[in-house]
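This report describes a two-chain model, with attention to its core, one helix and the contacts between chains.

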Amino acid sequence: MLARILLIEFGVFLLGLILALGYQIGQRLHARGAGWPAESLMLLAAVVGVGGTYMKDLAKAHTAVPGMMPAISSIWVEAYGLCCALYLLAKGLRVWRLKKV
Amino acid sequence: MYGMMALQAAQDPAPAPVLGQMVQHPVMQYLLLAMGFAFLGLMGLLSLLLLYLMFRGKINLSTLLDEANGDASMSRFQLLLFSLVVSVGLFLYMLNNLTLPDIPASVLILLGISSSTYAASKGIQFSRVEGLMKPGQRPPDGPPQGPPPGDAAAN
């Protein structure tokens, strides 16, 4: 019983931490009027896609295979790797094109 | 002498499990349960205090996702998000089974891609000094690049 209570406590704390962090970051971005460039938005879409799919798998199949967490489909992993490569390429070009000071 | 003592200890019968008997005593059981609840209560209070201070702005973690030049960093964000997703998965599994699971290779590969992207992004950002400065910011004064003008006039 104690272990279950500890895990529930940890889960509530984790959720609260995410909410508090999101609140602080949202306030800061709103105050500065800052935005994210296109490659960041692409990576954000990929992160939300892969993360959301995996969370859905986690919620559906606690144990499709007993003793093992659900896996991520290889197509998602490859797509995510491609998105990361494109992000790094775009970021590299952006930094490379900065004017010298 | 120590060898003899070790030999004697090895020949002696195993000591009675005194500690086990003590733990199985009903009073000790209640005491252990009370200590467990007290520990959980303390941890819960500390967690609530931490969250309260974060919501009140006393603990500010908003720069956690900033680049060196002040922009929002997507590479940090994706690493944070995937770490949280996998930890939530572990949490859900342990909540249901109360054991540690085997983590599939695809999840580890995904975490590897995520961490590598963060490290590479950091390298790109720090590869040029212009990438570290905010727009309109001047670089800090460095060491003098040549002889001062007075020396040239004297020669």
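What should the 24 residues of α4(B) span at 1.5 Å a residue, and how far apart are its end C-alpha atoms? The expected span, 1.5 Å times one less than the number of residues, is 34 Å, and the end C-alpha atoms are 34 Å apart, which agrees. Helices are DSSP runs of H or I of at least four residues, numbered from the N terminus.

The model is predicted: local features need pLDDT of at least 70 and side-chain atom pairs pLDDT 80 or more, while totals for chains, interfaces and linings use all residues. Residues are numbered from 1 along each chain as its sequence is written, and chains are lettered from A in the order in which they are written.

Buried residues of α4(B), including B:L79, B:F82 and B:V86, have 20 or more other C-beta atoms within 10 Å of their own, with C-beta atoms placed from the backbone. The buried residues of this helix pack against α2 of chain A and α5 of chain B. B:L98, with a positive phi near 55°, follows α4(B).

The largest nonpolar core (buried Ala, Val, Leu, Ile, Met, Phe, Trp, Tyr and Cys joined through C-beta atoms within 7 Å) has 22 residues. The elements below each supply at least two residues of this core.

| Helix | Chain | Residues |
|---|---|---|
| α2 | A | 38–60 |
| α3 | A | 74–96 |
| α4 | B | 74–97 |
| α5 | B | 105–125 |

α4(B) gives the most, 6 residues.

Between the chains, 52 residues of chain A are in contact (C-beta atoms within 7 Å) with 51 residues of chain B. α1(A) provides the largest share of the chain A side, 22 residues.

Methods: A residue is buried if 20 or more other C-beta atoms lie within 10 Å of its own, exposed if 12 or fewer, and partly exposed in between; C-beta atoms are placed from the backbone. Two residues are in contact if their C-beta atoms, placed from the backbone, lie within 7 Å.
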